[in-house]
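Trainee: I should like to learn how to read a protein model. May we begin with its overall plan and then turn to single residues?

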Amino acid sequence: MPLQTERENEIDFTITVHGVSAHGSTPHLGKDAIVAAAAVIQAAQTLVSRVNNPLRPLVLGFETVKAGKQFNIVCDKVQLMGTLRSYDDELLLDMVDKLKKLVRRTAETFGCSSELTLLPEGGTC
């Protein structure tokens, strides 16, 4: 007989990182949203691996990254879509708050701004 567990819950989200595009001759004037978004993805993984108690299962995944066009040198907007999953509703809500703060602070470190939007049920996939 299969082991019964609680239903896994998920929260789908979109993160938009806003920067300022610039041409190659003036890269110091640009606030590269791609660099900031890459830092957001890397930093967000620490919520699972370093902040979360490993005895409380948590999954954070990024499914989609949309950024710029083929010939952009510095992109002004990046959109990330992802999902947080856990069996623990309290943990899930706590991690959403932590993710919002992490995203904002990481983007600001690179001179960019950001917003995190929660998607309705059935979100990204």
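Mentor: Let us start with the elements. The protein chain contains 2 helices and 4 strands. Please keep in mind that this is a predicted model.

Trainee: In what pattern do the helices and strands follow one another along the sequence?

Mentor: Along the sequence, the pattern of the protein chain is β-α-β-β-α-β.

Trainee: What share of the contacts in the protein chain joins residues at least 24 apart?

Mentor: One counts contacts between residues at least 6 apart in sequence, and 73% of these join residues at least 24 apart.

Trainee: How should I describe the way the two helices pack?

Mentor: One gives an angle, a distance between axes and a handedness. Helix α1 (residues 33–51) and helix α2 (residues 89–109) pack at about 145°, and their axes are 9 Å apart. The crossing of α1 and α2 is right-handed. On the side of α1, the contact is made by A36, A39, V40, A43, A44, T46, L47 and V51. From α2 come M95, K98, L99, L102, V103, T106 and A107.

Trainee: How many residues of each class does the contact of α1 with α2 have?

Mentor: There are 12 nonpolar, 2 polar and 1 charged residues in the contact of α1 with α2.

Trainee: What should I look for in the largest nonpolar core?

Mentor: Look at its number of residues, at its best-connected members and at the elements that supply it. The largest nonpolar core has 26 residues, and F13, I15, V17, L84 and L99 have the most contacts inside it. Two or more residues come from each of β1 (9–18), α1, β2 (58–67), β3 (77–86) and α2. The element that gives the most is α2, with 8 residues.

Trainee: How much of the protein chain is buried, and how much area is exposed?

Mentor: Of the 125 residues in the protein chain, 33% are buried. The protein chain exposes about 8000 Å², and carbon and sulfur atoms supply 54% of that area.

Trainee: May we now apply these ideas to single residues? Is T16 buried or exposed?

Mentor: One compares the relative accessibility with a cut-off, and buried means under 20%. T16 lies in strand β1. T16 counts as buried because its relative accessibility is 7%. Beyond its neighbours within four places in sequence, T16 is in contact with K77, V78, Q79, S113, S114 and E115.

Trainee: Why does L116 count as buried?

Mentor: L116 counts as buried because its relative accessibility is 17%, and the cut-off is under 20%. L116 is placed in strand β4 (residues 113–118). Not counting residues up to four places away in sequence, L116 touches F13, T14, I15, L99, K100 and V103. From L116 to V17 there are 99 residues in sequence and 8.9 Å in space, C-alpha to C-alpha.

Trainee: Where is D88 placed, and what is its relative accessible area?

Mentor: D88 is in the loop between β3 and α2. With a relative accessible area of 25%, D88 is partly exposed. D88 and E8 are 80 residues apart in sequence, with 7.8 Å from C-alpha to C-alpha.

Trainee: Which residues is F62 in contact with, leaving aside its neighbours within four places in sequence?

Mentor: They are F13, I15, I41, A44, Q45, L80, M81 and G82. F62 itself is found in strand β2. One of these contacts, I41, is 21 residues from F62 along the chain, and their C-alpha atoms are separated by 7.8 Å.

Terms used. Residues numbered from 1 in each chain as written. Predicted model: local features only at pLDDT ≥ 70, side-chain atom pairs only at ≥ 80, totals over all residues. Heavy atoms only, no water. Axes fitted to C-alpha atoms, helices over the stretch in contact; angles between N-to-C directions. Left-handed = near helix turned anticlockwise from the far one by under 90°. Contact = heavy atoms within 4.5 Å. Nonpolar A, V, L, I, M, F, W, Y, C, P; charged D, E, K, R; others polar. Core = buried A, V, L, I, M, F, W, Y, C linked by side-chain atoms within 4.5 Å. Buried < 20%, exposed > 50% of the residue type's maximum accessible area, 1.4 Å probe, protein only. Areas by Shrake-Rupley, 256 points an atom, 1.4 Å probe, with all protein chains shown as cover.
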